[in-house]
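User: Could you take a close look at the charged pairs in this protein, and at the loop residues with unusual backbone angles? I'd enjoy a connected walk through them.

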Amino acid sequence: MGRFLSKKELFIGKINGRISSLFYPNIENGSSLIGCKIFDKRKLFLGASSLLYNCRIRICTDSKYVKIGKGCRIENNVLLNAHTGYIELGNKSFIGPNTIIQGFGGVKVGNDVMIAGNCFISSSNHLFENVKPERFLKDEEGKETEIGSNTWIGSNVTIVAGVKIGERC
């Protein structure tokens, strides 16, 4: 027999230990979203047994998607901002607190990747060919950024657009 959901269950998106497919249609069972703010849940794909804790996921109407693999863990105050691109996080990967991933040109992160806290991963650059005050920070160029599987990114690292980090680095 069905029951009404409490405000807490609606906020967390969890019903009896499972994510509600009514509120999060592309999320596999066994995953938890605790205190997360998600913009446009239809473009979020979350694999089974993943834990997202107090993070923000911004997916604009013109964004492609954000995919988070199975068994991932995303810590406190992480921002995944797809802009007009995408972000893909492989299986069993970890993102430490206060990290920002910006997916304008696309970001692909492999399986079993550890990203420590306070990192910034970008996939776009501002264009400076025709610098005028009225155009400042308006023109951007997207370049895909990739991090290979089994890689560890230490704390306070900045990865700029177009960088490709191989496996086991």
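Analyst: Happy to. Strands here are DSSP runs of E with at least two residues, numbered from the N terminus. With that in hand, Asn 98 can be placed in the loop between β12 (94–95) and β13 (100–102). Please keep in mind that this is a predicted model.

Let's begin with the backbone. Asn 98 has a phi near 65°, a positive value in a residue other than glycine. Its relative accessible area is 37%, so Asn 98 is partly exposed. A second asparagine belongs in this part of the story: Asn 156 also has a positive phi, near 65°. Asn 156 sits in the loop between β20 (152–153) and β21 (158–159). Because its relative accessibility is 54%, and exposed means over 50%, Asn 156 counts as exposed.

Now to the charged pairs. Side chains of opposite charge can pair when their charged atoms come close. Searching the whole structure gives three salt bridges, counted where a side-chain nitrogen of Lys or Arg is within 4 Å of a carboxyl oxygen of Asp or Glu.

One of them joins Arg 73 to Glu 75, with 2.5 Å between the closest N and O atoms. The partners fall into separate accessibility classes: Arg 73 is partly exposed at 43%, whereas Glu 75 has a relative accessible area of 15% and is therefore buried, the cut-off being under 20%.

Another pairs Glu 144 with Lys 108, where the closest N and O atoms are 3.9 Å apart. This contact links distant parts of the chain, 36 residues apart: Glu 144 is in the loop between β18 (140–142) and β19 (145–147), while Lys 108 belongs to strand β14 (residues 107–109). Glu 144 is partly exposed, with 23% relative accessibility, and Lys 108 is partly exposed too, at 34%.

The remaining pair to visit is Glu 146 and Lys 164, whose side chains meet in a salt bridge at 3.7 Å, N to O. Glu 146 lies in strand β19 and Lys 164 in strand β22 (residues 164–165), so this salt bridge ties together parts that are 18 residues apart in sequence. As for accessibility, Glu 146 is partly exposed at 26%, while Lys 164 reaches 55% and counts as exposed.

Strand β19 is a handy landmark if you are following along on screen: Glu 146 lies in it, and the loop that holds Glu 144 runs between β18 and β19.

Technical notes. Residues numbered from 1 in each chain as written. Predicted model: local features only at pLDDT ≥ 70, side-chain atom pairs only at ≥ 80, totals over all residues. Heavy atoms only, no water. Helix = DSSP H or I, 4+ residues; strand = E, 2+ residues; numbered from the N terminus. Buried < 20%, exposed > 50% of the residue type's maximum accessible area, 1.4 Å probe, protein only.
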